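Let's take a quick walk through this model, from the fold of one chain to the places where things touch.

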Number of protein chains: 2
Amino acid sequence: MVITIKDIARKAGVAHTTVSRALRSSPLISTQTTERIRKIAAEMGYQPSAAARSLKTNRSQVLGVIVSSIDDPFFSEILQGIDDVAQQRGYSMFIAASQRDPQRERSIVRTMREHRVDGVIVCSTPFSPEHSKQLRSYEIPIVVINNQSAEDYRYSIHHDDLDGSRQVMLHLIGLGHRRIAYLGYAHSGRTNQKRLTGYREAMQAAGHSIQTGYEFETDDSTPQEGRAAIQHFLSLSQPPTAIFCYNDMLAIGALLGLQEAGLHVPDNCSVAGFDNITFSSYTTPPLTTFDQPKRVIGEQAARLVLGLLDHETQDRPEEPRIQILQGSLLVRASTSLPNEVQKCN
Amino acid sequence: MVITIKDIARKAGVAHTTVSRALRSSPLISTQTTERIRKIAAEMGYQPSAAARSLKTNRSQVLGVIVSSIDDPFFSEILQGIDDVAQQRGYSMFIAASQRDPQRERSIVRTMREHRVDGVIVCSTPFSPEHSKQLRSYEIPIVVINNQSAEDYRYSIHHDDLDGSRQVMLHLIGLGHRRIAYLGYAHSGRTNQKRLTGYREAMQAAGHSIQTGYEFETDDSTPQEGRAAIQHFLSLSQPPTAIFCYNDMLAIGALLGLQEAGLHVPDNCSVAGFDNITFSSYTTPPLTTFDQPKRVIGEQAARLVLGLLDHETQDRPEEPRIQILQGSLLVRASTSLPNEVQKCN
DNA sequence: TTCATTCATGCACACGTGTGCACTATCAGC
DNA sequence: GCTGATAGTGCACACGTGTGCATGAATGAA
């Protein structure tokens, strides 16, 4: 049976309001009464009803977190960061995966609204404008991690992709590569754009031309797609000597694709990834990549949302709060001085 | 502003109860009224309050999911399976990571109780007896995936680890290996026990003795630990010719450790993993492993909990409902006929 | 016309918690 | 002993929704 404050009140011989106040340590109640009631509550195993409290206080103590997919190692590290901070502050997480499916996005927005979540973290997913708008109309703080959509959000946390991309490119160019290809991910939105821009700017600054076919985008960010993309690059008249991949998932596939084509990494072709997911250090060869502070990104996002909850809707800071976090280049063994690529097939 | 059924009632010129009934398509309300009210509700952007509904109906439409860690690829695939089914049935997921930390377990149990989750899925984590008991005292269905604790739960879904372990071992033994080691994970509870049992039984059945030091357990299921364990195995007077790892994370580390010791896999030593996480097919060489139907496990667990919700506490099936799912062996390139292991160092 | 029947709707109350206000008891100061 | 202040507690009501029951209107049969 579920215990309510009324049950406690009956046992303690007081009104239920006294119990309510005692448990919230209101100064209106005497110390002895408070302690007596607390003891009884503990004995009876009382747990307040979040529903009732939320109804009355308009606070659900729940954060909504929207990702495109839970089983992507990049997201799950961010989730872990959010979870840490949220748990510590007494908040629970609703996690929902949109799978980039409009139907599911719709149902997610509905659910979050129905549960009156106190804040939402949209995690690196290009939410459709329609649903995004719905979410915004509902006046709660929304923090966007790695904003992928075209719109600007007022509160946003992202990694400095342009800088990261430049660093990776400077590394490759510094090694002497001139024929560098970019393997992107078509559905990622802004992030991909930034990394692509970094690629182009670096190539231009170094005076290297981007040959036709050197920019290639996949439909999914899986190793399979990365592997398949290698066929494209190898079919070019002048295959690249280095491939900069949008993320580690694609890079891991690229490693396999190159190996299957009989090419050696990095002797015949260098490969660089992005994100530094756990497995990037266990590939053969270990992957050169750019380390995004994933956990920190998650933690900061959670702190930002929770911080905004302390303000009322109207007096939330007008100016956008955008945090840009820096990462660092990790040079491992998948990149080296360029040799001529031996063309296969 | 948040719209309530009273606002709709005012606009429609009816009582709020009529609105409540209309929106729930009660037969008591005429078709025209129902449609008119529905239209107004849609126009006003009404979203029912889950808190209020939950207070009245004693149903929160929320499932609690407890894992030890979100960013473990094995768990996240299961989570994806649960999420699929839950979303489809209109349920939301509270996900909380215990990190095997009693403090966090405590806070998780509290949160789940306060939110009156309708059911709980405990996912492959050895929950402490104390908190586990608390959870059970609260009369909601609990489904345990890959039960790791000593207690028996009435509703449980697990993979047939004993069978899987035997299959892996038969494969290794069939290849001709006699000196086979088992690399386990100390904190996993039952699962590790079953796999270890399968290992021992298979060795005995084949008439192979298990040499001292061939059974070794790590403190964490990370590649780093797997890598470190290799030093132990190589320090034995007769190093194994094959290593059967508790899971792919350890196996991936083992591959690296062997490689660093100058040994070739599988020529000098075969390695087999377990679980078939995504990355196991991208290692060098690709890992022989046992494919657990992770997504299906998650889906079945969700179906089981949701199914139990249709019954009242007292008329839930008395006899335990335990589903045992079968997986299948995936032979890749990390296992082959045994050669003599060349001892290094 | 009257009564019974059916259909549609409203009223009152409940779920568990929190808050403004009123009430009582106690005590100091005169 | 009276007044006023203060501390401690209870009452009434609210949050948004759902349900049993009563009410009222409309219909059909006698």
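Of the 345 residues in chain A, 49% are buried (20 or more other C-beta atoms within 10 Å of a residue's own, with 12 or fewer meaning exposed, anything in between partly exposed, and C-beta atoms placed from the backbone). Bear in mind that this is a predicted model, so local features need pLDDT of at least 70, side-chain atom pairs count only at pLDDT 80 or more, and totals for chains, interfaces and linings use all residues. Residues are numbered from 1 along each chain as its sequence is written, while chains are lettered from A and ligands numbered from 1 in the order in which they are written.

The pLDDT (the predictor's confidence in each residue, from 0 to 100) averages 91 for chain A, and 96% of the residues score at least 70. Over residues 341-345 of chain A, though, the pLDDT is below 50.

Chain A has 12 helices and 12 strands (DSSP runs numbered from the N terminus: H or I of at least four residues for helices, E of at least two for strands). Its C-alpha atoms fill a box of roughly 90 × 35 × 35 Å along the principal axes.

Now for the DNA. Strand D is surrounded by 26 residues, and the closest are Val14(A), Ala15(A), Thr18(A), Thr4(B) and Thr17(B); being near here takes a C-beta atom, placed from the backbone, within 6 Å of the strand. α4(B) gives the most to this surface, with five residues.

One helix by the DNA, α2 (16-23) of chain B, has Thr18(B), Val19(B) and Ala22(B) as its buried residues. They fall within an arc of 100° seen down the axis of α2(B), so they line one face of the helix (the arc is that of the directions from the helix axis to the C-beta atoms). Their cover includes α1 and α3 (31-44) of chain B. After α2(B) comes Ser25(B), with a positive phi near 45°.

Where the two chains meet, chain A and chain B put in 39 residues each, with contact meaning C-beta atoms, placed from the backbone, within 7 Å. On the chain A side, α5(A) has the largest share, seven residues.

Here is how the two surfaces split by class (Ala, Val, Leu, Ile, Met, Phe, Trp, Tyr, Cys and Pro are nonpolar; Asp, Glu, Lys and Arg charged; the others, Gly among them, polar):

| Surface | Nonpolar | Polar | Charged |
|---|---|---|---|
| Near DNA strand D | 10 residues | 10 residues | six residues |
| Side of chain A that touches chain B | 18 residues | 13 residues | eight residues |
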